[in-house]
Amino acid sequence: MQIDARHGSADKTSHQMMPLPFGKLVLCRLVAGAIAALVAVLLYPPLDPSALLSMLDGNLTAAAESLVRQCGSLPLIGEFPSLGWNTVLFCATLPSTDDPLRADSFAAHSRDTILANLGSVEPNWRWKVSSETPEACSLAYRRQRILSAWLASAEHSVCLQALARRDMRLISFYFVLSGHIEITDRRTRKTLSISPNHVASARERAGNQMTIQSESSWLAFHIPESALRRSFEDLTGRPYVHEFVLPATCFSQDDAQGLYQTLRQAERDLNSAASEAMPLLAKAYKQLALVKLFSTMPHNLAEAFCQGTSGAAPRQLLKAEAFMRENLTNPVTIEDLAAAARCTPRALQRMFRTYRGGSPMGVLCNYRLAAAHGAIKAGRAGSITELALNLQFSNPGRFSVLYKSAYGLSPSSALRFTRNEGSTEQA
């Protein structure tokens, strides 16, 4: 071993001082994390297996943060990006047998218990009780899952404030019965204000701020955008070409046929249903709720995306969309769309931002994704690569990412599912 006088460090010829290759480093961390997780299972019998699976499925950070918030016994010092550290943190913050029982439904009567329970059932929001709230406070909360969607209802005397931690690709419909809800979108810097007897939709995006006035009562229907997209396309036969926005709209609590009463009835029935009837009942209520949303709510998707009959959209925009549908398998540029619409590219982009909430090429991408989804469901797709290239996605890997983001599962998984269904029907 020689000493380098210029750097004051030991110059070892041995490979032991060389950093591990990235692949081996990741493998070592994975093995260390798995061993630590197995030790946790042995030492902590109350460990929730679903939390462990979420760790090993690449969501370790979220699982660890959720448990830290749930337990509240260990402060986070900095960030622990590596798998091994997150596993150690996960194991160190497992709830003890002295922790109160945490469920989706609860009634709390102090600030600490309100924050602890909200952090458990709504972990993507960082909650805070307003300092102006009196010491005597209460919150009653109930959550009911409906397949991939879920309902949440609350009544509380405290003023609640929350900050969204990450993008969840989730659309939430808030029905305000009393009080007031304000949601500020960090990206658009717009504030959605929902007063009593009104409903509006909001996206759960990182940095969004929500304020719920004291003495409020509300019902929320949360659904992943991928599920909303699939349901819309299945029900209408039309592609979902831009994000769904429902502005503050008045609703009636006395309308027995309305969306609000449908959701309330679903909440009651699912809460009292036998376990064997739950899946079928949940599927039926989810379908019914989405049908009512698309067909009866003002500014609904079925009206906004009715091809060729939207009086609000400019004629040039409709011509551009017709050109898109006719050329899904052909190369298309923004100049081609502008020429078909007989306007400038800049004017076309402005119209799409105003009436479709996105760019012309983004809408074209959604049309092509919808065409891919339809081909997979109909059994017309031979291979994913061939399908992607045919629809002008030059990178099949990128196509898979976009498809999964839109429909909630990879195109290869959707293709396998379709083929399995076909085999079952034939048998």
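This tour moves through a predicted model, from a set of paired strands to a helix, then to the nonpolar core and the aromatic rings.

**The strands around β9**

Select strand β9, residues 181-184, and look at its two faces: I181 and I183 make up the covered face, whereas E182 and T184 make up the uncovered one. Add strand β10, residues 191-194, which pairs with β9 in the antiparallel sense over four bridges; here T184 has T191 as its bridge partner. The two strands form a hairpin with six residues between them, and in the turn R189 is worth picking out for its positive phi of about 60°. Now bring in strand β12, residues 209-212, which also pairs with β9 in the antiparallel sense over four bridges, with M210 of β12 standing opposite I183.

**Helix α6**

Next select residues 259-272, the 14 residues of helix α6, whose first and last C-alpha atoms are 20 Å apart, close to the 20 Å expected at 1.5 Å a residue. Show the side chains of L259, Y260, Q261, T262, L263, R264, A266, E267 and L270, which are buried in this helix. To see what covers these buried residues, display the strands β5 (139-146), β6 (149-156), β8 (170-178) and β13 (216-224) together with helix α7 (278-296), which are among the covering elements.

**The largest nonpolar core**

Move on to the largest nonpolar core, which has 35 residues, and highlight L348, L369, I376, L387 and F399, the members with the most contacts inside it. At least two residues of this core come from each of α9 (315-326), α10 (334-341), α11 (345-356), α12 (360-377), α13 (384-390), α14 (396-407) and α15 (411-426), and α12 gives the largest share, nine residues. Centre the view on F399 and, leaving aside residues up to four places away in sequence, display the residues that F399 touches: L369, A372, I384, L387, A388, F393 and P411.

**Aromatic rings**

With F399 still in view, add F393, Y403 and Y407, since ring pairs link these four residues into a cluster. Then select R229, which lies over the face of Y407 at 5.6 Å from the ring centre. With a cut-off of 6.5 Å between ring centres, the count comes to 12 aromatic pairs. One of them, which makes a last stop, joins F232 and Y240 in an edge-to-face arrangement, with 6.0 Å from centre to centre and 75° between the planes; both F232 and Y240 are buried.

Notes: Residues numbered from 1 in each chain as written. Predicted model: local features only at pLDDT ≥ 70, side-chain atom pairs only at ≥ 80, totals over all residues. Heavy atoms only, no water. Phe/Tyr/Trp six-rings, centres within 6.5 Å; stacked < 30°, edge-to-face > 60°. Buried < 20%, exposed > 50% of the residue type's maximum accessible area, 1.4 Å probe, protein only. Lys NZ or Arg CZ within 6 Å of the ring centre and 35° of its normal. Core = buried A, V, L, I, M, F, W, Y, C linked by side-chain atoms within 4.5 Å. Contact = heavy atoms within 4.5 Å. Pairing = 2+ DSSP bridges. Expected span 1.5 Å × (residues − 1).
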